[in-house]
Every structure is written in structure tokens, then in C-alpha cells.
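Let's take a walk through this protein together, looking at how its parts are held and what its surface offers. Keep the sequence and the 3D view handy.

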Amino acid sequence: MVILPRRPEHGNVLDIPTPPLQAAGLFVIIFFTALAFVTYCLRAYTRIRTRTWGLDDYLVTFAMIFSLMMVGPFYMYIKLNYFGWRQQDVPPFDPSPGMFWFYLAQLFYNPILALVKASVLCFLYRLGGQKPGVKYAIHFLNAFNGLQAVAVFLVAALQCLPVAANWDFALKADPNTKCIDNAFHVIISCITILTDFAVVLLPFWIFLGLKMPRGAKIAVLGIFMLGLAVTIIGIVRLHGVIKLFYLPKAPDADPYHDITVTLSVVEANIAIVSASAPALRPLFRSLMPSWFAGSSGRYGVNKYNNAYPNSNTPYYSGAAGSVLGGHGQGTHTGSAVRGGGPGSKAGGNGVSRHSSIQLKNLTRSGKNGQHTECRSISPSGSEEEIMTYNGIMRTTDVRVHFDGGRDSTLPAGGADLEESSRASSELKKEQVEKRTL
């Protein structure tokens with residue numbers, strides 16, 4: 001029994017004429033692959049520029065590589081097996097070379113959807129991994145998706161033994177040849193659609209419970225709903241598989257005048273586009289800030305009298321200016337906020353520029369030099385301000401209560417925080433003097 005495949009010989013496909021329907025099928029393959037590649041490049045540029053490259057980006061990268069490798073085999077399969085032709089115009093030909101390229105296309109197609117779903121699940125874990133139910137659901141789906149990917153790839157690679165029986169019909173007719181039943185393709189397609197639905201529903205579980213503006217919530221969910229298009233294409237593709245293997249052929253049906261086979265390419269590349277869409281919003285916001293303004297834009301100069309200025313404008317910080325500040329200027333360091341000058345306990349005239357406050361990291365990732373940050377504005381001024389390195393960030397106001405009964409609600413880093421802190425310190429000093437007397 002020979003297991004190693006042997007590619008059948010064929011002529012130059014460029015010598016085969018291309019009728020209009022076949023040209024449309026080839027255009028679909030090239031267009032959607034190019035669309036996915038451009039979207040991936042924009043995603044990679046955005047993540048590298050904002051320094052937020054993560055595991056989900058590596059997974060999409062591998063998916064994009066498999067998608068590019070799939071273009072050639074599908075092109076050869078369509079050309080050599082005369083898809084898009086009228087049956088009466090198809091010349092006599094050997095289908096074995098085309099089936100060889102189709103076998104390779106199957107090997108490249110199956111890992112793409114699994115890698116894309118794993119990427120989306122990793123991204124969702126970064127957003128909503130703090131909820132126990134969401135965390136367990138993501139881990140379960142990731143484990144199931146990984147096991148399914150390995151199983152499907154092995155079965156697709158060894159669906160016939162010897163492997164050459166996948167394209168050699170004479171060898172396939174040999175009684176010693178073993179091939180799986182066509183029901184495998186239907187069952188795997190059904191399982192893939194179910195996992196697609198589960199991944200599409202996860203963002204609703206995460207975001208519907210968050211306290212965020214309704215418009216922002218709808219926009220975020222709308223981006224993730226692009227994955228529903230992949231599920232719809234998968235359902236249409238499943239109908240085509242069932243029609244091919246189980247439904248009776250109509251007497252006047254033309255098996256060649258059809259380009260349904262291109263749905264596999266469309267499904268895989270739309271999955272890459274939908275997985276990359278959430279990562280593109282920072283780029284769109286930098287190009288069109290009026291259209292893609294995020295929540296940080298609402299805390300600008302007009303609302304708190306420059307309490308939340310741009311990252312290039314200094315502001316008074318409760319941590320660095322009024323509590324630790326003294327009379328010097330606070331400066332931004334790589335790991336913490338420091339106030340300069342004397343008087344570390346009493347409030348002074350310290351001024352600090354916008355920076356981040358380092359928090360102790362309770363995860364194992366801290367061993368690799370990573371850290372947790374509490375930011376008042378996003379790492380890159382982007383729409384990812386809802387995220388820190390390890391999860392979702394919420395904006396909190398500071399309420400200062402004085403002994404005289406007067407309350408004052410201040411935003412973090414407000415300009416009046418220094419004065420209120422000084423008044424509080426003087427009031428406490430008077431109380432200490434009275435007790436001493």
C-alpha cells in the first residue's frame with residue numbers, strides 16, 4: 001500500500017479558455033483573499049503601532065498564511081475541472097489533476113476557521129475574562145475548537161488510504177482502499193456552524209452587562225456581529241455539500257455551470273476580516289476622530305474645565321500633585337508617578353503630566369516584565385480605552401468629604417484637588433492642636 005502521494009501530470013492551465021462564469025469564480029477567490037490580506041495588514045499595523053500585539057494576532061497571522069496558500073490550489077481546481085463551463089462545451093479531460101489540487105485546498109481550508117475562532121476567543125478573554133462564567137465558557141470553547149481542529153485536519157489528510165485514492169479514481173475503486181463516508185463532511189460542517197454561533201453570542205454575554213454608553217455598546221456588538229456573516233455563508237455551503245452528496249440530481253442539471261465551490265474561500269476570508277474588524281477601530285479613530293470618537297473624548301476640556309486634557313497638556317494629579325507633590329513638578333517615569341520637591345505629605349503646587357500608575361500584578365505574567373496599569377486615557381489614545389493590559393477599565397470619580405459637612409465630587413486629576421487637599425490638611429492640623437491643648 002502506497003501512502004505517499006504522487007501528483008498527476010497536467011497541461012498548462014493558461015492554455016485553457018476562461019468563460020465568464022469561471023472568470024467570476026476566479027475573481028471571487030482573488031478578491032476576497034486580497035480583502036482579507038489588506039484587512040490583516042491594517043490590523044497588524046494598528047497593533048504594532050499601539051503596542052498591543054498579542055496571542056490573538058499570532059493566530060490570525062497563521063490563518064492568513066493558510067488562506068494565501070489556499071488560493072493556488074483552488075485556482076487550479078476550478079481551471080482543470082472546468083467549473084463555470086457549459087456541459088456541452090466541456091472537452092474530454094482527466095479529473096485526477098484537479099482533484100489533487102482540491103485535496104491540497106482541503107488541507108489548507110480546515111485550519112483557517114479554527115485559528116480565527118481561537119483568535120476571537122483570545123481577544124474576548126482579554127475583554128471579559130474576569131467574569132467567571134465567561135472565563136469558563138471561553139476555555140471550554142477554546143479546548144473544543146482546538147481538539148476539533150486537530151481531529152478534522154487528520155481525518156481530512158487521511159480520508160483515503162492510500163492518500164493517492166483522493167484523486168486517483170482507479171485506485172479508489174480498489175477493494176483494499178479505505179475511504180471515509182461522505183457524512184463526515186456534513187457532520188463537521190454542522191459542528192463548525194454550532195461553534196460559530198457560540199463565538200458570535202459570547203460578546204453579547206460580555207458587553208450587555210457592562211455599564212457603557214448605549215451607542216458605544218451597539219457599535220462594539222455590531223463589529224462582532226460581522227462574524228454572523230461567516231455563519232450564514234457556512235450554512236449556504238452546508239446546503240451545497242448536502243446537495244452534492246445526497247440530493248438527487250435534476251435531469252437537466254449542469255454540474256459544471258456552477259461556482260459554489262468558491263464559498264469555501266469566501267467563508268475563510270470573511271472570517272479573517274470579521275476577526276480583524278474590532279482591532280481596526282483605533283486606526284479609524286485616528287483618521288476620522290469625529291466619526292469614531294470614543295468615551296475618553298467626552299471627558300475633555302469643556303466638561304471639567306481642563307480636568308481631562310489631552311495627553312500633551314499637564315494637569316493636577318491627586319496622586320502626584322496634592323498628596324505627594326510638594327512644590328516641585330511631577331514627572332512621568334517608566335513605572336510610576338513621582339512628585340518632586342519637599343513636603344511629601346502636605347499638598348503643594350506640584351504639577352504632574354498625564355501618566356500611568358503601576359499596580360501590582362497578581363498574574364504569572366508579571367515574571368516576564370509585564371505590568372498592570374490604571375489609566376485615565378487609553379495607551380495610545382485609541383478606542384481601546386475600555387481595556388487595560390489585563391481587562392476592562394472603568395472611570396471612577398473621587399468624592400472628598402470634609403468634617404464641616406461639605407461634599408465635593410471631583411474627577412480623578414481635577415484642578416481643584418490640590419486646594420481641597422490643602423484645606424483638609426489644615427483642618428486636620430487644627431484638630432490635632434486642639435487635642436494637644
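First, a bit of vocabulary: buried means under 20% relative accessible area, exposed means over 50%, and partly exposed is in between (1.4 Å probe, protein chains only). With 0% relative accessibility, D56 counts as buried.

Before going further, some ground rules. This is a predicted model, where local features need pLDDT of at least 70 and side-chain atom pairs count only at pLDDT 80 or more, while totals for chains, interfaces and linings use all residues. Residues are numbered from 1 along each chain as its sequence is written, and side-chain values use heavy atoms, with hydrogens and water left out.

**Salt bridges**

A salt bridge here is a side-chain nitrogen of Lys or Arg within 4 Å of a carboxyl oxygen of Asp or Glu. How many salt bridges does this rule give? The count comes to five. Here are three of them, with the distance between N and O:

| Pair | N to O distance |
|---|---|
| R47 and D56 | 3.3 Å |
| R47 and D57 | 2.8 Å |
| K117 and D196 | 3.3 Å |

Notice that R47 turns up with D56 and also with D57. R47 sits in helix α1 (residues 20–49) and D57 in helix α2, ten residues apart, so to speak of the pair is to speak of a link between distant parts of the chain. Helices (H or I, at least four residues) and strands (E, at least two) are DSSP runs, numbered from the N terminus. R47 is buried, at 1% relative accessibility, and both R47 and D57 are buried. Zoom out a little and you'll find R43, R47, D56 and D57 linked in a network of salt bridges.

Now for the pair from the last row, K117 with D196. K117 belongs to helix α3 (residues 96–128) and D196 to helix α6 (residues 183–207), so this salt bridge ties together parts 79 residues apart in sequence. Are these two side chains buried or exposed? K117 is buried at 7% relative accessibility, and D196 is buried with a relative accessible area of 7%.

**The disulfide and other cysteines**

A disulfide is a pair of cysteine sulfur atoms within 2.5 Å, and the structure holds one. It joins C160 to C179, with 2.1 Å from S to S. The pair links distant parts of the chain, 19 residues apart: C160 is in strand β1 (residues 160–161) and C179 in strand β2 (residues 178–179). The torsion about their S-S bond is about 120 degrees, so the disulfide is right-handed. C160 is buried, with a relative accessible area of 4%, whereas C179 is partly exposed at 34%. As for other cysteines, C122 is buried at 16% relative accessibility, and C190 is partly exposed at 33%.

**Spans from the record**

UniProt's unreviewed entry lists several spans as "transmembrane region", including residues 98–125 and 184–206. UniProt positions are given in the numbering used here, feature names are shortened, and annotations may be inferred rather than shown by experiment. In the model, residues 98–125 are 100% helix and 0% strand, with 42 Å between the end C-alpha atoms. Residues 184–206 are also 100% helix and 0% strand, and their end C-alpha atoms lie 34 Å apart.

**A patch on the surface**

Finally, look for L55, Y58, F62, I65 and M69, which form a nonpolar surface patch with about 500 Å² of accessible area together. Patches are made of residues with over 30% relative accessible area and no salt bridge; like charges are joined within 9 Å, and nonpolar side chains (Val, Leu, Ile, Met, Phe, Trp, Tyr) within 5 Å. The areas come from the Shrake-Rupley method with a 1.4 Å probe, and for residues only the protein chains shown count as cover. One member, Y58, is found in helix α2 (residues 55–80) and is partly exposed, with a relative accessible area of 46%.
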